[in-house]
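Biologist: I have a new model open and would like to learn how to read it. Can you take me through one chain?

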Amino acid sequence: MIVTILNVVIGGLLLGGIYAIISVGFSLQYGVARVLNIGHGEFIMLSAFLTWTLFTGFGINPLLALVISSSIVFILGFILHRTLYRSLKKKSATLGIFEGNSMLVSFGILFIIQNIVLLIWGSDIRGYSFLNFPVTIGGAKFAANRLLTLAFAIVLSFAFYFFLVHTRLGKAIRAAAQDPEAAGLMGVNINRVLALCFGLGAMMAGVAGALISMSYQITATMGLEYTVIAMIVVVLGGLGSILGSFIGGFILGLVGSLVSYFEPGLAIVAYYVIFMVLLLVKPTGIMGR
Amino acid sequence: MIKTRFRLLMISIIIISMLIVGFGGSAVLAKDKIVIGFARAFSGMLALTGDNAFTPMAEMWVDDVNAKGGIYVEEYGKRLPVELLKYDTKSDTGTMTRLLEKLIIEDKVDFVFPPVSTAHLYAAAPIANKYGYILMGMEGGAKRLQQYMDQLPYFFSTLNYSVHQVPVLVDILAEKGVEKAAVIYISDLHGIEYSETAVPLLKEKGIEVVFNKSINMGAKDLSSVIKEAMAADVDAFISFTYPDESILVTKQAIELGFNPDAFVVDVGANFEFYKNIFGAEQVEGIMSMGAWNTESTPKADEFAQKIIDRFGREKLDWWGQIIYYGALQFFEKAIEEAGTLDQKVVRDVMASQKFETVLGPTWFENGQLAEECYPGQIGQWQDGLYEVIGPKDKATAPVVFPKPVW
């Protein structure tokens, strides 16, 4: 009995950890930078392919590869915001128009990144083995690489929370999220902060992508399914709430694990059921205002 | 005056356009190539399967045919090169059916090639049949289509599937003394039919089926079913899944140290890329569908080398490629034999005659490639090679049982 409970709960947390990282990044981009980034999953995919190449091609440890590939994705996100989204923001009359336009642009980015990856890496399924042995906790067995993912999710999220609450830049980000104009008037370099947020969101996707490549097969077209998960989690957690996304990710993982225990074929159905129930009962999400 | 001039202008426009259409029409008569319509999932969910299965074989066949100058068609007294007219269906069934009709009605192509997946074939077969166009099904095959074969004289199903493969698999497991098995299957037509075929056969052979569970496409965690199978201490674990889930279930079985005596993984495990992901040592003893290898037929070795030279080793598919290419060679010979591009005549040749292909002697029975033509039904990874282990008369190596520990 205890083993079963451990299997379900820890199993859920393992899955939830990856969902949380993905969703926190997505939420950061939407909550602060106001870009509903449909291409979020493509950053995950790109980083997964970079990690795969660094490990299988150059023998670089996936953990080090994670740092390299997520940094590359961060820079890419930062530059994209500094160039594309910034000029789009200038040209948009209102924030609402910008949100609509930036979503459409992110659709374009989705296709561009996906096709570049298809050109470079092709359409084959890739994967590699890393930390693929079982670890026993209280009699229940778990994959070492998935435990690592959970550890990363927790450490990264706490580090990020600390950064937001206790640093000057973190304060600037929170101010920009609440009221970008007032924050700008108070001396916050708003364009830089927004680009930084977009980059950090992309970096989270990068970390997730590297971790995913350790536990899953990867393909050039895998991005969108993760974007969909991020969207469910972000609505579940409350639009724009970073803490909500973090919690939402774990809830989704736990529900998936619980339902899988009884009927594995219904795991994805359960995600959408929660999504619908939540929209009916509390449309603003768990942490929504 | 103005009215008259306008009338004149209109008449001249009509005459000119009739002339253009007329000349265009006569240009068609001077046949200089065979155009084959190829409405297919070049993007979207199904593209991955298509890109790794029939699409490369079709392209290779076109190049091979054109290198010879084309297909000799007696009616025209010359060789006609082949050209593919490609449309992307974006993996959408509705778009596929529309584009297939467009190819037939508007583009008036000479022949059509099939879309990807069992479900798309199911939708395309009646359309091609309605217009009297030959359609050779490639990736996919369904028990449920069998009952309609009489009504679909223009449909030819090439790939082997559940009814061919599962009995051979169950025989192997029974012979090796498997007593308990667990089955998972993907919740689509493919998975459902394989599981539907397998479970009664397993029980018939006295093998207890501990569970038979469906899983979603795109599942992200299969540890619950693996742990359940571990707790039940099954001898055989059978996974009727597509590549994504096939790889995931293998990964998680390794990670959790699940070592049943027989580990059977369906679509995906028959590809060379599967071995590349896990390494030859880890896939040792894993069984999958198929199957052919370089020793299967006299021309198989040369054929495999051709794929390696053109696409690289990781593109090798030890289930379908030889069947797809063999079917195309059969089609080419049927056209030459018919001496015309008339669908009905070519169809009758295909339905009644035998031709030599990369598969050896090749023919169809009631619209399905004859059982004897398949180079094998079940394969197993042994020392980095995909060996045919069943049926016995086609086997290239004995079965490895139990599967070595990961």
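Modeller: We will go through chain B by confidence, fold and contacts.

Biologist: Where do I start?

Modeller: Start with trust. This is a predicted model. Its scores are ipTM 0.86 and pTM 0.87. Chain B has an average pLDDT of 90, and 93% of its residues score at least 70.

Biologist: In which elements of chain B is confidence lowest and highest?

Modeller: Helix H1 (residues 2-29) of chain B is lowest, with a mean of 49. Strand E11 (residues 262-265) of chain B is highest, at 98. Residues 16-28 of chain B have a pLDDT below 50. That stretch makes zero contacts in the model beyond near neighbours in sequence. Where pLDDT is low, do not read the predicted coordinates in detail.

Biologist: How many helices and strands does chain B have?

Modeller: Count 15 helices and 18 strands in chain B. Along the principal axes, its C-alpha atoms fill a box of roughly 95 × 45 × 40 Å. Of the 406 residues, 50% count as buried.

Biologist: What do contacts add?

Modeller: They show which parts of the sequence meet. Take the contacts in chain B with a separation of 6 or more: 67% are between residues 24 or more positions apart.

Biologist: How many residues of chain B are in contact with chain A?

Modeller: In chain B, 31 residues contact 30 residues of chain A. Elements giving two or more residues to this side of chain B include helix H2 (47-52) and strand E9 (208-215). H10(B) gives the largest share, eight residues. By class, this side of chain B has 14 nonpolar, eight polar and nine charged residues.

Methods:
Residues are numbered from 1 along each chain as its sequence is written. Chains are lettered from A and ligands numbered from 1 in the order in which they are written. This is a predicted model: local features need pLDDT of at least 70, side-chain atom pairs count only at pLDDT 80 or more; totals for chains, interfaces and linings use all residues. Helices (H or I, at least four residues) and strands (E, at least two) are DSSP runs, numbered from the N terminus. A residue is buried if 20 or more other C-beta atoms lie within 10 Å of its own, exposed if 12 or fewer, and partly exposed in between; C-beta atoms are placed from the backbone. Two residues are in contact if their C-beta atoms, placed from the backbone, lie within 7 Å. Ala, Val, Leu, Ile, Met, Phe, Trp, Tyr, Cys and Pro count as nonpolar, Asp, Glu, Lys and Arg as charged, and the others, Gly among them, as polar. pLDDT is the predictor's confidence in each residue, from 0 to 100.
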